[in-house]
Amino acid sequence: MTSTQQELTVTIGGVSRTLPTVRAGGMGRVPLVEFIGDSEFTNAVAQEMVALIPEGTEVLLTVVTNALPLTHELSDRSGLPYVCARKKRRTYMQNPIIQDVPSMTLGVAETLWLDGPHAARLKGKQVTVVQDVVASGGTAQALARLVERAGGTVNGYLAAFRQGDSTLPLVALQSLPKTL
Ligand SMILES: O=P(O)(O)OC[C@H]1O[C@H](OP(=O)(O)OP(=O)(O)O)[C@H](O)[C@@H]1O
C-alpha cells in the first residue's frame with residue numbers, strides 16, 4: 001500500500017487501485033473502496049479472500065450495495081451459498097426481519113431488511129458475515145443480529161478491508177487508514 005497526502009493505492013492479487021477520497025466533516029479525506037463497476041478488482045479481491053473464509057462456514061451473509069458483487073464472486077469461488085440483506089423494503093418481501101444499524105462512521109442511520117424466505121436459509125446454519133469494508137463495525141453488528149434473529153449462528157466476520165479500530169473478531173485482507 002502506498003499513500004500520498006491525498007490518495008492511497010492498494011494492491012491485491014496483483015491488481016492495483018488508487019482509491020478515491022472524500023472529505024468527511026472534520027475528519028479529513030477518507031479513502032473509498034469501490035467494487036461496483038470494477039469486475040477486475042472485485043475478482044482479484046474475492047480470489048484472495050477465499051482462503052480467509054472461516055472454517056465451518058455454511059452460508060455467507062452480506063448487505064447491498066458495494067459488498068454484493070464481492071460476495072457473489074466469493075460464493076462462486078467457494079461454492080458456499082449467500083444471502084443478501086437490503087437497505088430498503090421491497091413490495092415483494094414476505095415477513096422481512098427488520099434491523100436498525102447503529103450509527104456509522106460515514107453514513108446516515110440505516111435499516112436493514114432481510115426477506116423472510118432468505119432469512120429461512122440462515123436457520124440452523126453457521127453464517128459468516130461478509131463485507132467490503134468494516135469501519136465502526138455497526139453494519140457488521142446489525143448483520144449479526146439478523147443472523148441470530150433468523151435462527152442461525154455467527155461463525156465469523158470477513159471483510160476485504162478493515163478501516164478504523166472496530167473490536168470485532170474480524171478477518172480482513174488489508175487495513176486502511178481512517179483518513180488521509
Ligand atoms: O463498519 P461501518 O461503520 O458500519 O461501515 C461499513 C459499511 O459502510 C459502507 O457502506 P455504505 O454506507 O457506503 O453503503 P453502500 O455499500 O450501500 O454504498 C461499507 O460498504 C460497509 O457496509
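Student: What makes strand E10 and helix H4 part of the shell around the ligand in this predicted model?

Tutor: Strand E10 (126-134) and helix H4 (138-149) each supply at least two residues of that shell. A residue counts as near the ligand if one of its heavy atoms lies within 4 Å of it. The shell holds 15 residues, and the closest are Lys87, Asp132, Ala135, Ser136 and Thr139. E10 gives the largest share, four residues.

Student: How do you know that Ser136 makes a polar contact with the ligand?

Tutor: The cut-off is 3.5 Å between N or O atoms. A polar side-chain atom of Ser136 lies 2.5 Å from an oxygen atom of the ligand, so the pair qualifies as a polar contact. Asp132 also places a polar side-chain atom 2.8 Å from a ligand oxygen, while Asn66 uses a backbone N or O atom, at 3.0 Å from an oxygen atom of the ligand. Taken alone the ligand exposes 500 Å², of which the protein buries 77%.

Student: How do the residues of the shell divide into nonpolar, polar and charged?

Tutor: Five are nonpolar, eight are polar and two are charged.

Student: Why are strands E2 and E3 called paired?

Tutor: Pairing requires at least two bridges. Five bridges join E2 (residues 8-12) to E3 (residues 15-19), and therefore the two strands pair. The strands run antiparallel, and Thr11 stands opposite Ser16 in E3.

Student: What do E2 and E3 form, and what lies between them?

Tutor: They form a hairpin with two residues between the strands. Gly13, in the turn, has a positive phi of about 55°.

Methods: Residues numbered from 1 in each chain as written. Predicted model: local features only at pLDDT ≥ 70, side-chain atom pairs only at ≥ 80, totals over all residues. Heavy atoms only, no water. Polar contact = N/O pair within 3.5 Å; in protein donor to acceptor, adjacent residues only side chain to side chain. Areas by Shrake-Rupley, 256 points an atom, 1.4 Å probe, with all protein chains shown as cover. Nonpolar A, V, L, I, M, F, W, Y, C, P; charged D, E, K, R; others polar.
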